[in-house]
Every structure is written in C-alpha cells, then in structure tokens.
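Trainee: I am new to this structure and would like to learn how to read a helix and a few loops. Could you walk me through it?

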Amino acid sequence: MNKKLLLLLVIILFISGCATAPVREALPVYSLNGTAYYSLSALCQSRGVSLKYDIYTRTANLIKDNHVIDLMVGDNLVLVDKRALLLKYPVDMHQGMIVVPAQFKELALDPLFKVARAPAKPREMPLGLFIKKVVIDPGHGGKDPGAIGRTGLKEKDVNLDIAKRLANRFRQEGVEVIMTRNSDVFIPLGKRVEIANNSRADLFISIHANANKTRSLHGFEVYYVSPTVNDSTRAAYAAKHFYLNLDSSYFASNSQTLKAILWDMIYTYNRAKSISLGRDICRAAGDNLNVRIIGVKDARFEVLRGTRMPAVLIEVGFLSNAREEQLLRDGHYRDKLAQSILEGVFDYAKKLQLLTFA
Ligand SMILES: [Zn+2]
C-alpha cells in the first residue's frame, strides 16, 4: 500500500513537473558594464519575429502579428506598439551584433512575442531576415544589345533571363525584388541608378555577359566599386545628386559638406560589403559551375558608381568564347548561374550578423 502510494506520488510529481517545465530558451548572455544583454537577432529568431535594421539611422524594427517594436542603437527609449518605454540601459552594439538589455526582453519582447513552444529543427537563417529587398539590373536592353556571340546570342537576352530566374529564387526566399527592366527595353544607366537608390534596397546586383577580341578568354567574374575612384569627389557628387535617406532634421543646415562626409562613410562601408558579397558569389559559382572563376575586381562602371548600397556587377561569362556562348544558351546552365548568385548572397547575409554596423 505504502509502496503504491509512493509510486503514485512519484508519478504525479513527474507529470506535474513536466507540465510546468518552462519553455527553455538557450540564449547566450553578454555582460556589458555589469548588465546582462542578449543578441537581438537571436531573440527575434527564437520568436519568429521579423527584424529589420537600417544602417543609416541605426534603427531597428521588430514586427510580428501586427505588433511593432522600434528601437535605436545607443538609445534607452524604445517604442512598443508606438508607446514609449524607457529602459535603464541603452540598446547597444557588441561584437558586431545589436544587443538589448535583459530589461528589454522582460518588458518589451516577452509580453508581445512568445517563444515558439516547439522550436523547429535548427534551420538556416532565412535570407529575408537580413536581406529584405534586392534590386536586380539586367544589363543593356532594347536598342542596346550588349555583347553578341558568334552564333548571334545577345547579351541583353541572356542577362534578362538570368535576372528573372534569380528574381524568382529571391522571391521564394521572401525577399522583395525590384527589376530595373522586365522586358527588352532600353533603360539609360542614370535611370537604373535612380531606380536602385529610390528603392532603399539592401543590395544591387547588375547582371552582364562579357566579350573580348581574344576569343579564348573565358570565365566568371564580379566587379565592385573601384577604390581608385576619388571618394570625396564621388561623395560630393552623390550629395548633390541624391536625396539622402536620413531624418531631415539632421540636415536642417542642409550642409553639403556634412552630407559629403556622411556619403564618404557610407561609400567606404558599402565598398567593403560589396567586396565581401563579390567573394561569396564567386565562391558559390566555383562550387556550382564547371567554369573558370576569375574573381572579384574593381570597376568604374557608371551603374555601380552612383548606387548608394552594396553593389556588384556580375559578368557571368564570355559570349565571345565559343564554349561559354554555348553554356549561356542553355536554360539549365542559366538556372545554375542564378542559383550560384543566390547562394553567394545567402553566405553574405549570414556574415552580416557579424559585421560591425558602427
Ligand atoms: Zn554588358
């Protein structure tokens, strides 16, 4: 009798213990000035919350199920569904991550966004978490055919087809895509830059195919904005020609010099990211395609120079080379090209978490 009772008691304790066990959330805790901080992206991932960070304004938005939390790096004030909440400690940067004090987790995050009860198997970070919007620019078009292969294959058609395949893949990953052209039309370079800059996209990807008098020349290469172009000249040019997406109160004085300095910083930052992106795309292409990878090079293409976001121009192959023209004619190969670019962007996006925004 006593034994049975004991067994029952043990069973009851066991069951109630299981039932009341809290959902465990294994998150690394960082100590900043003696205060516990959490990685914002880790918190968002465990709750399925969408996180968008704007490097220009250093603001982040957390969105899920009609709830929004706005915060700013370096600031104690956060907006929880538009209602102000003053934290004891500010949102901060640590090891290149945005980190939030434990108080933010308790007062702002936990009441609004619950930890998923049965966390899905550890899957790769969704691309859409860090890359929300991409501009794809199929080179040439309309009266401008670009390079023409020996069998008559036109660069403008190859570029557009690869761009469309890439766009579909991005959309499947939840990334918004803006195309500078969707059909065989002529778009001036300045217009392409304008489309890119008005979009406030995270990335700009221009797609081209190469040609050279030396027909044996072949391979895949990626260009980024040239470091040899004078930065301050470019910054001054950009400040004059483009509206800067910063709070207008920053520019009450409308100082061209201040804008130029800011632009210089943004360009330097974007160039480093463009190089990183170019390398990741080349690596993915090397893994997927049986072609020579020439690598990442600097360029002074007008279309890259004016863009105010990380920007690369991909030369997918040489139409002047017989083998590569044949490859570029092949839909299956164009698919593999698009897939390689997507994978490169994916690798790049994963690294964004570790990049310092400051
Ligand atoms: Zn071209």
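Mentor: Happy to! Keep in mind that this is a predicted model. Let us begin with a helix.

Trainee: Which residues of helix α3 are buried?

Mentor: First, the general idea: an α-helix has 3.6 residues a turn, so residues three or four places apart point the same way. Now the case here. Helix α3 spans residues 102–112, and its buried residues are Phe104, Ala108 and Leu109. These residues lie on the same side of α3, because they cover an arc of only 80° around the axis.

Trainee: What covers the buried residues of α3?

Mentor: The cover includes the helix α2 (40–47) and the strands β5, β6 (77–80), β7 (83–86) and β9 (97–101).

Trainee: And which exposed residues sit on the face turned away from the buried side of α3?

Mentor: That face carries Glu106 and Pro111.

Trainee: Now the loops. Where is asparagine 33, and is it buried or exposed?

Mentor: Asparagine 33 is in the loop between β1 (29–32) and β2 (35–39). A residue counts as exposed if 12 or fewer other C-beta atoms lie within 10 Å of its own. Asparagine 33 has 7 within that distance, so it is exposed. Its phi is positive, about 50°, although it is not a glycine.

Trainee: What is the phi of asparagine 66, and where does this residue sit?

Mentor: Phi of asparagine 66 is near 70°, again a positive value in a residue other than glycine. Look for it in the loop between β4 (59–64) and β5 (67–72). Asparagine 66 is exposed, because it has 6 other C-beta atoms within 10 Å.

Conventions. Residues numbered from 1 in each chain as written. Predicted model: local features only at pLDDT ≥ 70, side-chain atom pairs only at ≥ 80, totals over all residues. Helix = DSSP H or I, 4+ residues; strand = E, 2+ residues; numbered from the N terminus. Buried ≥ 20, exposed ≤ 12 C-beta atoms within 10 Å, placed from the backbone. Arc of directions from axis to C-beta. Contact = placed C-beta atoms within 7 Å.
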